[in-house]
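Good morning, and thank you for coming. Please look at the sequence and the structure as they appear on the screen.

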Amino acid sequence: MKNKALFDEYAKDILTHELFLETKKSCSHGSITIHDHSIAVAALAFSMAESIGGLDERCVVRAGLLHDFFLYEWHVPGIRYLKHGWAHPAIAAKKAREVFGISDKEYSCIKTHMWPWTLFSIPVCREGWVVSLADKIIALKETLFCRRRKYRYC
Ligand SMILES: [Fe+2]
Ligand SMILES: [Fe+2]
């Protein structure tokens with residue numbers, strides 16, 4: 001990341017919000033919390049946007065931070081667990097809009113970040129592709145190298 005101060009400026013209100021801090025309580029992949037996973041995705045997406053140039057960097061930071069802002073524990077066995085993969089992007093986008101008043105482009109990036117899992121919900125802008133790719137890279141890294149079980153359900 002070349003411009004950490006800019007990243008912090010775009011992220012500040014989300015990182016300090018009490019509902020975003022709730023994401024520290026549930027895990028994403030392996031022993032990584034959704035909080036830490038989301039920051040890692042936002043940081044990678046921002047670095048990718050810096051390298052590519054010409055992208056809405058504020059959008060990728062905010063969509064990266066909020067792409068998994070669904071606010072429920074998904075590792076509990078049951079119907080929610082089974083449909084989590086394709087259902088959570090729309091839930092996260094809706095909650096992010098309610099709490100943070102995100103832009104339409106940020107909403108779209110969040111809603112499409114799980115493509116191709118969400119077959120017909122495809123990124124429609126370059127920022128969306130960046131967030132989706134950053135999420136996949138970080139998720140793969142966490143799945144392969146962060147397997148220490150820390151929480152009951154994960
Ligand atoms: Fe996700
Ligand atoms: Fe994610």
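How are the donor residues of the iron ion (ligand 1) spaced in sequence? The spacing is D-x19-H-x24-H. Before I go further, please note that this is a predicted model, in which local features need pLDDT of at least 70 and side-chain atom pairs count only at pLDDT 80 or more, while totals for chains, interfaces and linings use all residues. Residues are numbered from 1 along each chain as its sequence is written, chains are lettered from A and ligands numbered from 1 in the order in which they are written, and side-chain values use heavy atoms, with hydrogens and water left out.

I begin with the metal site. The iron ion (ligand 1) has as its protein donors Asp68 through OD, His88 through NE2 and His113 through NE2, at 2.1 to 2.2 Å. Donors here are N, O and S atoms within 2.8 Å of the metal, or 3.2 Å for Na, K and Ca; water is not among the atoms, so sites may look incomplete. Asp68 also bridges to the iron ion (ligand 2), and the two ions lie 3.5 Å apart. Asp68 and His113 link distant parts of the chain, being 45 residues apart: Asp68 is in the loop between helix H4 (57-66) and helix H5 (79-100), and His113 is in the loop between helix H6 (104-111) and helix H7 (126-145). Helices (H or I, at least four residues) and strands (E, at least two) are DSSP runs, numbered from the N terminus. Both Asp68 and His113 are buried, where buried means under 20% relative accessible area, exposed over 50%, and partly exposed in between, with a 1.4 Å probe and protein chains only.

Next, the loop between H4 and H5. Tyr72 has its place there and is buried, with a relative accessible area of 9%. Beyond residues up to four places away in sequence, Tyr72 touches Ser26, Arg80, His84, His88 and Ile91; contact means heavy atoms within 4.5 Å. His88, one of these, is also a donor of the iron ion (ligand 1).

Leu71 is in that loop too. Leu71 has a positive phi of about 60 degrees although it is not a glycine, and its relative accessible area of 32% makes it partly exposed. In general, most residues other than glycine have a negative phi, and most peptide bonds are trans.

The loop between H6 and H7 holds Pro116, and the peptide bond from Trp115 to Pro116 is cis, with omega near 15 degrees. Thr112 lies in this loop as well and counts as buried, at 6% relative accessibility. Leaving aside neighbours within four places in sequence, Thr112 is in contact with Ser121, Ile122, Pro123 and Ser132.

Finally, the cysteines. Why is Cys59 not bonded to Cys109? The sulfur of Cys59 is 3.8 Å from that of Cys109, its closest cysteine sulfur, which is too far for a bond, given that a disulfide is a pair of cysteine sulfur atoms within 2.5 Å. Cys109 is accordingly in no disulfide, and the count comes to zero disulfides. Cys59 is buried, with a relative accessible area of 0%, and Cys109 counts as buried at 0% relative accessibility.
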